[in-house]
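Me: I have a new structure open and would like a walk through its sheet and its ligand shell. Can we start?

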Amino acid sequence: METPTATASVVDLEKQYLLQNYARYPLILHRGDGPWMWDVDGKRYLDFIAGIGVNALGQNHPRIVEVIREQAGLLIHTSNLYYNEYQGPLARRIAETSGLARTFFTNSGTESTEGSLKMIKSHGRSIDPEKYEIVSLENSFHGRSLGAISITGQIKYRQDFEPLIPGVKFVPPNDIAALEAAVNDRTAGICMEWIQGEGGVMPLDDAFCLRARELADKYDALLCFDEIQCGVGRPGVYYAYQLPTPHVMPDIMTAAKPIACGLPLGIITANERAAKSIRPGMHGSTFGGNALGARVALEFFDILEDLLPSINRVGDYFRETLRGMAKKYDFITDVRGYGLMVGAELAMPGKEIVIQAMHEGLLMNCTHDTVLRFLPPYIITEAEVDYAAEILEKVFKRI
Ligand SMILES: Cc1ncc(COP(=O)(O)O)c(C=O)c1O
């Protein structure tokens, strides 16, 4: 089989044979090591976007490579007709770290959202057929399936596919009065990201999340936290809802991106009250939780435990570095985030900065048009932050 390596042929083939839904950067990556990546021409890049928050241990992590090699030689996939040795131990690890009881394994964030919606719907219906409303937030992002865009509070993701699931109400993030007005006896679920990712790295207020918990309890609705981007170590704790003490516990938590270090694996994790909304035969997945993905995820959780302190330390250092730059460059209007989920709000569109940084050897992206978003691997050091800062400084000066 012909293997195209020249940039032109890769791009031409994609233009001819792929759905034209992505606006890719003109970069063909070939290999990686830790937080470093090389393109097909051998040029090196520091990766501060990590496959949109997926490559939490960077590339080529020796322990991950070793378990993939070993497990691939033993067993990759069996379907969920049978047990494999890893789903149970992995679900126990998730229960221990999350405080929630039961997990369902999916293949992506969107699929986790989709399953959580089925749980919410089934929960509501078991109480009253009229209890089907879902309250979600403006500016949110929950994935690309019809269910997920139904609760995604950004018109650009929804407009071409309407009408969507009925009964969804959107309230502005952190508007407690609007939340109180939206939730009632017909509400089956309330969904939110503790830190909105696609929406511009926007953390919610603790008081808002606490009120959502109280309203869910009052009206017997399920509270679902989407931790697909903001969870599983990225905020410097296992899950973003653990940032405040005491924690505001959800009934359902969805997560995905970093869990299997680049293999497709997502989770829906629920307390017993929410878990009983799914009974035998009501939901399933052919690939979800296969032996390879589940074993890698188990290894990832083992490694993650020791990384949490440095995620906080290096994340704080990075934010401080960016705040230092904000003093010099007044187009940086805010620097925010937790752990290694970092956003820098600009007074102008950020796309050009992203492109110039890429040419200088730094990968990141821009979300919500004006927010530089950094989701680096959890293994980065202060020295690598300094390297990134030098490139940013060079680009900011030029801009
Ligand atoms: C908060 C959030 N929810 C859901 C998704 C969808 O996940 P996936 O792209 O894996 O389907 C994303 C993806 O970026 C996300 O950030």
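What follows is a short chat about the sheet and the ligand shell.

Reply: This is a predicted model, in which local features need pLDDT of at least 70, side-chain atom pairs count only at pLDDT 80 or more, and totals for chains, interfaces and linings use all residues. Residues are numbered from 1 along each chain as its sequence is written.

Me: In what order do the 7 strands of the open sheet come?

Reply: The order is S4-S12-S11-S10-S7-S5-S6, with mixed pairing. Strands are DSSP runs (E, at least two residues) and helices are too (H or I, at least four), numbered from the N terminus. Two strands pair if DSSP finds at least two bridges between them.

Me: And which are the edge strands?

Reply: S4 (102–106) and S6 (168–171), as each pairs on one side only.

Me: How does S11 pair with S10 and with S12?

Reply: S10 (residues 222–226) and S11 are parallel, over 3 bridges. S11 and S12 (residues 266–270) are antiparallel, over 4 bridges. Isoleucine 252 stands opposite cysteine 224 and also opposite alanine 270 in S12.

Me: Which residues are buried on each side of S11?

Reply: Ile252 and Thr254 on one side, Met253 and Ala255 on the other. Buried means 20 or more other C-beta atoms, placed from the backbone, within 10 Å of the residue's own.

Me: Now the ligand. Which residues come nearest?

Reply: Of the 15 around the ligand, Gly109, Thr110, Gly143, Ile228 and Gln229 do. A residue counts if its C-beta atom, placed from the backbone, lies within 6 Å.

Me: Which helix gives the most to that shell?

Reply: H5 (residues 109–127), with 3 residues.

Definitions and conventions. A residue is buried if 20 or more other C-beta atoms lie within 10 Å of its own, exposed if 12 or fewer, and partly exposed in between; C-beta atoms are placed from the backbone.
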